[in-house]
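Below are my comments on the model, set out as numbered points. Please read them with the coordinates open.

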Amino acid sequence: MARDPIFPHLTARGRAVDPASGRGVHEAATGRRRLGLFAAGLVALTACTDMPAPRPEAPGPDACGASGYQSLIGRPLAAVTLPADLDARTYAKGDPVTMDYRATRLNIVTDDDGTIIEVRCG
């Protein structure tokens with residue numbers, strides 16, 4: 001079995017050999033070494049990762065400004081003028097709406113006659 005001249009404990013193909021007997025070392029020993037190198041590499045990689053970005057503050061309970069629109073309750077929706085850039089949706093009570101919650105969206109709920117009965121965020 002030809003040995004590597006620089007690393008006598010390895011064969012020419014890189015397999016580990018027992019220096020005393022010249023026979024191949026049990027594969028489990030080299031497997032443990034590989035596992036140890038792999039684990040050390042993982043530790044080194046995790047040390048180099050960036051810290052996660054801090055989460056933004058959760059919006060308050062009135063992030064959409066619903067408290068400023070409470071005076072609309074009891075008025076007909078057709079008589080109300082809202083700012084064009086307002087993130088709002090209007091719907092009648094019982095209408096199907098998406099279940100996505102957006103704290104900055106103003107929800108204006110009307111009854112069957114079109115009268116505003118509720119103003120809230122979501």
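1. Leaving aside neighbours within four places in sequence, V80 is in contact with L72, R75 and I116. Two of these contacts, L72 and I116, belong with V80 to the largest nonpolar core. Note that this is a predicted model.

2. The largest nonpolar core has 10 residues in all: C64, A66, Y69, L72, V80, L106, I108, I116, V119 and C121. Strands β2 (106–110) and β3 (116–121) are the elements that give two or more residues to this core. The most comes from β3, with 3 residues.

3. As to the overall layout, the secondary structure comes to 1 helix and 3 strands, in the order α-β-β-β from the N terminus on. Of the 122 residues, 20% count as buried. The exposed surface is about 9300 Å², and carbon and sulfur atoms supply 60% of it. Of the contacts between residues at least 6 apart in sequence, 32% join residues at least 24 apart.

4. Strand β2 pairs with both other strands. With β1 (88–92), β2 pairs in the parallel sense over 5 bridges; R89 has N107 in β2 as its bridge partner. With β3, β2 runs antiparallel, again joined by 5 bridges, and L106 stands opposite C121 in β3. The hairpin of β2 and β3 has 5 residues between the strands, and G114 in this hairpin takes a positive phi near 90 degrees.

5. How is β2 placed with respect to the rest of the structure? It is largely enclosed, because 5 of its 5 residues are buried. Both faces are covered: L106, I108 and T110 lie on one side, N107 and V109 on the other.

6. T110 is found in strand β2 and counts as buried, at 6% relative accessibility. Not counting residues up to four places away in sequence, T110 touches L77, Y91, A92, K93, T115, I116 and I117. One of these, I116, is also a contact of V80.

7. The disulfide count is 1. The bond joins C64 to C121, with an S to S distance of 2.0 Å. The torsion about the S-S bond is about -90 degrees, so the disulfide is left-handed. The pair links distant parts of the chain, 57 residues apart: C64 is in the loop between α1 and β1, and C121 is in strand β3. Both cysteines are buried, and both are listed in the largest nonpolar core.

8. A66 lies in the loop between α1 (27–48) and β1. Is A66 buried or exposed? Its relative accessible area is 5%, so A66 counts as buried. Not counting residues up to four places away in sequence, A66 touches L106, V119, R120 and C121. A66 and E118 are 52 residues apart in sequence, with a C-alpha to C-alpha separation of 9.7 Å.

9. P59 lies in the loop between α1 and β1, and with a relative accessible area of 49% it is partly exposed. The value sits under the 50% that an exposed residue must exceed, which means that P59 is classed as partly exposed. The C-alpha atoms of P59 and A103 are separated by 6.6 Å, and these residues are 44 apart along the chain.

10. Side chains of opposite charge can pair when their charged atoms come close. The count here comes to 3 salt bridges. R102 and D87 meet at 2.8 Å, N to O. This pair links distant parts of the chain, 15 residues apart: R102 is in the loop between β1 and β2, D87 in the loop between α1 and β1. R102 is partly exposed, with a relative accessible area of 35%, and D87 is partly exposed at 30%.

11. The side chains of R105 and D100 also meet in a salt bridge, at 3.6 Å, N to O. R105 counts as buried, at 5% relative accessibility, whereas D100 counts as partly exposed, at 35%.

12. R120 forms a salt bridge with E118, the closest N and O atoms being 3.0 Å apart. R120 is partly exposed at 32% relative accessibility, and E118 is partly exposed at 29%. R120 is also among the residues that A66 touches.

Definitions and conventions. Residues are numbered from 1 along each chain as its sequence is written. This is a predicted model: local features need pLDDT of at least 70, side-chain atom pairs count only at pLDDT 80 or more; totals for chains, interfaces and linings use all residues. Side-chain values use heavy atoms; hydrogens and water are left out. Helices (H or I, at least four residues) and strands (E, at least two) are DSSP runs, numbered from the N terminus. Buried means under 20% relative accessible area, exposed over 50%, partly exposed in between (1.4 Å probe, protein chains only). Contact means heavy atoms within 4.5 Å. A nonpolar core is a set of buried Ala, Val, Leu, Ile, Met, Phe, Trp, Tyr and Cys residues joined through side-chain atoms within 4.5 Å. Accessible areas come from the Shrake-Rupley method with a 1.4 Å probe; for residues, only the protein chains shown count as cover. A disulfide is a pair of cysteine sulfur atoms within 2.5 Å. Two strands pair if DSSP finds at least two bridges between them. A salt bridge is a side-chain nitrogen of Lys or Arg within 4 Å of a carboxyl oxygen of Asp or Glu.
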